[in-house]
Amino acid sequence: MSENHQVLFRKYRPQFFRDVIYQDLAVGSLQNAFKSKKIGHAYIFIGPRGVGKTTIARILAKRLNCERPDGVEPCNECTSCLEITKGNSNDVFEIDAASNSGVDNIRELRENVKFNAMGGKYRVYILDEVHMLSGAAFNALLKTLEEPPAHVVFILATTEYHKIPETILSRCQDFHFRKVPVTVLQSYIETLCTKEGLKYDSEGLFWIAKKGDGSVRDTLSFMEQAVIFTDGNLTGAKLRKMIGYHGIDTFTDFLNQLIDTSQSAQIFETLENLFQAGIDLSKFIWDFIEFLNSLLLIKDNLADRESINIPQEDLQKLKQNYRELDREILVLLAERIFSIHEKLNLMKLRSSYEMKVYLEIQFRKLILDREKPSVSGLLAKISELTKLVQGDISTIPDSIEPVKKQSQTAIPTQEKPIPNTNTQPIAKIESPTPEIKTQIPNSPTMDKNQNAKEPSPSGNHPEDMEKLLKEKFSGMEVDPKQFKNL
Ligand SMILES: [Zn+2]
């Protein structure tokens with residue numbers, strides 16, 4: 001099996017324009033050029049690596065010299081087509097500009113273009129990685145591009161558009177190639193799995209496509225490795241193991257431990273377990289940051305964006321579980337943990353043990369910071385109390401204790417948590433309550449069992465109550481900078 005898969009990329013390299021995936025814009029323009037018989041003498045293909053620039057350049061070269069073209073497509077059967085496929089055509093020259101970047105190389109090329117085509121109509125020069133040419137080499141090339149012989153076609157290819165001199169660009173027709181989206185790659189490799197008789201599941205293909213990062217070549221190279229690693233069974237579970245992805249459960253547990261202060265101690269247990277299992281802690285922290293960012297994208301309704309590193313199945317689960325989670329908490333956590341990770345990389349610690357110790361200290365600090373009252377926490381509390389005051393139940397509780405309990409036992413995945421669920425601000429909140437009571441001389445019997453809803457006493461509007469509560473908080477020592485520090 002491995003023998004077949006070593007040639008996967010070459011085996012499935014498109015030989016016709018119609019077989020190229022996702023580059024409709026470039027392919028369509030080239031096909032139109034053939035339809036209108038307006039063949040240019042210099043093309044520049046711009047785009048990321050592995051998306052089909054060289055492949056399309058070869059198809060273009062074939063079509064130019066094909067003896068029996070079929071409309072806009074080459075026949076792939078004539079001598080010229082077969083020679084180009086094999087890479088031994090006397091009329092098509094593939095030059096790697098990275099290793100032939102000097103002016104002498106281009107001078108040699110200029111001498112070479114004078115000769116007529118041997119078999120076909122055109123001599124085609126494909127200059128790969130053309131941005132690597134030296135300044136003098138570009139100047140030499142420019143002279144040829146200014147007055148190209150009628151039988152010569154240049155196809156320049158580059159991943160770095162900005163490094164190409166404007167004078168060169170102005171002589172070429174430019175074609176832009178795009179990264180291939182994960183969904184497109186996923187369905188493409190699914191067809192290959194069927195052709196190759198491989199077992200797979202949707203998540204397995206997702207990880208392969210994701211690993212390809214928009215490049216067909218990289219996707220297929222990784223697929224080859226995956227076929228060997230999984231023994232031809234490309235399932236999500238096996239692929240996760242292969243790429244060292246922890247799965248969302250580990251991350252959701254870790255997030256819950258960070259949000260819910262009653263679970264704080266478990267953070268250290270998690271770090272210890274990861275350390276004992278030999279997991280790369282730096283990678284774990286980075287993956288967790290990525291996970292937080294994905295949750296934020298879900299909040300912004302951008303969850304289906306290509307950049308999300310979460311399979312579709314897990315995405316639905318996260319959408320459901322974290323719908324109510326405060327966006328602000330996520331931003332602050334992501335920012336803090338990002339800076340922890342950044343420092344971790346700069347420190348160049350010698351061992352995973354040192355890394356664990358460093359992380360333990362950093363997370364302890366983060367927990368301590370969380371226990372300080374935050375402006376956002378207080379505002380949330382005020383807003384909650386205001387809602388209570390606006391209620392129309394004719395009873396009033398002794399204190400706002402039920403509110404406190406509710407916030408402390410809140411399950412992050414179900415209830416909207418309050419950024420800092422410590423008792424300090426709540427203890428202070430209790431003080432205004434007796435005053436509220438004294439303003440209601442004729443209040444009916446207190447019923448503690450009834451839920452905490454307070455009446456709107458006559459002459460005491462909810463707005464006044466909110467004002468009163470805010471006044472009570474105004475004396476508290478709350479440093480707005482904590483907002484930054486979480
Ligand atoms: Zn042909």
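Visitor: Is the crossing of α10 and α11 left-handed or right-handed?

Guide: The crossing of α10 and α11 is right-handed: the near helix is turned clockwise from the far one by less than a right angle, whereas anticlockwise would be left-handed. Helices (H or I, at least four residues) are DSSP runs numbered from the N terminus. This is a predicted model, where local features need pLDDT of at least 70, side-chain atom pairs count only at pLDDT 80 or more, and totals for chains, interfaces and linings use all residues. Residues are numbered from 1 along each chain as its sequence is written.

Visitor: At what angle do α10 and α11 pack?

Guide: Two packed helices are described by the angle between their axes and the distance between the axes. Here α10 (residues 202-212) and α11 (residues 216-229) pack at about 135°, with axes 7 Å apart. Axes are lines fitted to C-alpha atoms over the stretch in contact, and angles run from 0 to 180 degrees between N-to-C directions. α10 and α11 are therefore oblique (under 35 degrees is roughly parallel, over 145 roughly antiparallel, 65 to 115 roughly perpendicular, the rest oblique). Ile-208, Ala-209, Lys-211 and Gly-212 of α10 meet Asp-218, Thr-219, Phe-222, Met-223 and Ala-226 of α11, contact meaning C-beta atoms, placed from the backbone, within 7 Å.

Visitor: How are α14 and α18 oriented to each other?

Guide: The axes of α14 (residues 265-276) and α18 (residues 352-371) cross at roughly 170° and come within 10 Å. α14 and α18 are therefore roughly antiparallel. From α14, the contact uses Ile-267, Phe-268, Leu-271 and Phe-275, and from α18, Ser-352, Lys-356, Leu-359, Glu-360 and Phe-363.

Visitor: Over which residues does pLDDT stay under 50?

Guide: Where pLDDT is low, the predicted coordinates should not be read in detail. pLDDT, the predictor's confidence in each residue from 0 to 100, has a mean of 81 in the protein chain, and 77% of its residues reach 70 or more. pLDDT stays under 50 over residues 1-5, and is below 50 over residues 400-418 too.

Technical notes:
Helix = DSSP H or I, 4+ residues; strand = E, 2+ residues; numbered from the N terminus. Contact = placed C-beta atoms within 7 Å.
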